[in-house]
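Subject: Structure for your review

Hello,

Here is the structure we talked about handing over. My notes follow below it.

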Amino acid sequence: MNPLWAPRLMIEKRYARSIRKVMEAFEATLAVYNNPDDILAALKDYAASEAFKRAAQDIAMKMVTQLFADGNKTWREAAREGSRGREIYKALKQELIGPTGAVYYDLIYHNANLIRTLPDDIAEQVTRYVAREQQKGRRAEDIAIDIQRMFPERTKANAQMIARTEVSKASTALTQARCDDLGISWYVWRTAEDQRVRDSHRKMDNVLISWRDPPSPEALNRERSYGKYHAGNTFNCRCYPEPLIELHYIRWPHKVYHNNQITMMTLEQFKRLF
């Protein structure tokens, strides 16, 4: 494994912490409500507020910018080690005005929207809870107290899910954009290499993947498929793509995903696909 290409865990932690912090501003107001309907109305008002929208935009921009800058350093380090250094350096200087820059701004927009949906997602969870508890005949005041206790826990769980999934997806998207800009068509699927790696992804570890042909790891492992996707592009995935910058970085023969299966190929066999 080459940890050089792995998304930095600190970026994920900062992102989750920032999302939780912006929701804590609403949590601080919960104590004044003794009716679930009032809590839901206040939550919707907070979601629609300009202050919350600006905060969501700032948080998303900071996360994507950190990933962008971190990836820039990674590519520069890789350039120093390989024969394509000058080409990579030139591309990095111009990337914000090219296709990679478009991906950068799209990621900010996507993540800001995702954060803005967080109050609505929590409101939906609260609505379902209220309906269940009201069917039991519980008093509105007691249900409101439950919501006040539940809110920080739900916020933390949702923030962690967003951070874990979206940082990984954003990192992969930026890597793919830079590969496209440099004409790098293949990458090595890397996992976190620990006990938490799901079986289907463990099977993908160290496999060469074409950016044009993502696999379905679950289908390859005879599990329920979540569709085809690249490393890092599904829920709670900690895998990441390591760009295949130089063919001699690989030990041949090597595992290659092609035609919906993983096969062992020699260098000459792989060059026919490359």
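How many of the 274 residues, as a percentage, count as buried? The share is 46%. Please keep in mind throughout that this is a predicted model.

Overall layout

The protein has ten helices and five strands. Its C-alpha trace spans about 75 × 45 × 25 Å along the principal axes. For one contact between parts of the chain, take Gln148, which lies in helix H7. The C-alpha atom of Gln148 is 9.7 Å from that of Thr29, and the two residues are 119 apart along the chain. Gln148 has a relative accessible area of 23%, so it counts as partly exposed.

Cavities

Two cavities of 30 Å³ or more are present in the structure. The largest cavity has a volume of about 140 Å³. It is lined by 14 residues, and those closest to its centre are Trp5, Gly71, Thr74, Ser171 and Thr175. Two elements give two or more residues each to this lining: helix H3 (50-81) and helix H7 (140-182). H3 gives the most, with five residues. Sorted by class, the lining of the largest cavity has seven nonpolar, four polar and three charged residues. If you place probes or solvent there, those are the classes to expect around the largest cavity.

Salt bridges

A search of the whole structure gives eleven salt bridges. As background, side chains of opposite charge can pair when their charged atoms come close.

- Asp194 and Arg238 form a salt bridge through their side chains, at 2.8 Å from N to O. Asp194 is in the loop between strand E1 (186-190) and helix H8 (199-202), and Arg238 is in the loop between H9 and E3, so this pair ties together parts that are 44 residues apart in sequence. Both partners are partly exposed: Asp194 has a relative accessible area of 29%, and Arg238 has 25%.
- Arg202 pairs with Asp199, with the closest N and O atoms 3.0 Å apart. Both residues lie in helix H8, three residues from each other, or about one turn of the helix. Arg202 is partly exposed at 40% relative accessible area.
- Glu133, Lys136, Arg138 and Asp146 are joined into one network by salt bridges that share partners.
- Arg139 forms a salt bridge with Glu141, and here the closest N and O atoms are 3.5 Å apart. Glu141 has a relative accessibility of 35% and therefore counts as partly exposed.

Backbone geometry

Most residues other than glycine have a negative phi, and most peptide bonds are trans. Three places in this model depart from that. The relevant places are listed here.

- The peptide bond that joins Trp252 and Pro253 is cis, with omega at about 0°. Pro253 is found in the loop between E3 and strand E4 (254-258).
- Asn236 is a residue other than glycine with a positive phi, near 55°. Asn236 sits in the loop between H9 and E3 and is partly exposed, with a relative accessible area of 27%.
- Asn259 is not a glycine either, yet its phi is positive, at about 55°. The position of Asn259 is in the loop between E4 and strand E5 (261-265). With a relative accessible area of 55%, Asn259 is exposed.

Surface

Which residues make the nonpolar surface patch of about 290 Å²? Met161, Tyr226 and Phe235 make it. Tyr226 lies in the loop between helix H9 (217-220) and strand E3 (240-243). Its relative accessible area is 43%, so Tyr226 is partly exposed. The loop between H9 and E3 thus comes up several times in these notes: Tyr226 is in it, Asn236 is in it, and so is Arg238.

Regards

Notes: Residues numbered from 1 in each chain as written. Predicted model: local features only at pLDDT ≥ 70, side-chain atom pairs only at ≥ 80, totals over all residues. Heavy atoms only, no water. Patch = residues over 30% accessible without salt bridge, like charges linked within 9 Å, V, L, I, M, F, W, Y side chains within 5 Å. Areas by Shrake-Rupley, 256 points an atom, 1.4 Å probe, with all protein chains shown as cover. Salt bridge = Lys/Arg side-chain N within 4 Å of Asp/Glu carboxyl O. Helix = DSSP H or I, 4+ residues; strand = E, 2+ residues; numbered from the N terminus. Buried < 20%, exposed > 50% of the residue type's maximum accessible area, 1.4 Å probe, protein only. 1 Å grid on protein atoms, 1.4 Å probe; cavity = no way out; pocket = protein on both sides within 12 Å on 5 of 7 lines; lining within 4 Å. Points joined across faces, edges and corners; volume = space filled by probe spheres on them. Nonpolar A, V, L, I, M, F, W, Y, C, P; charged D, E, K, R; others polar.
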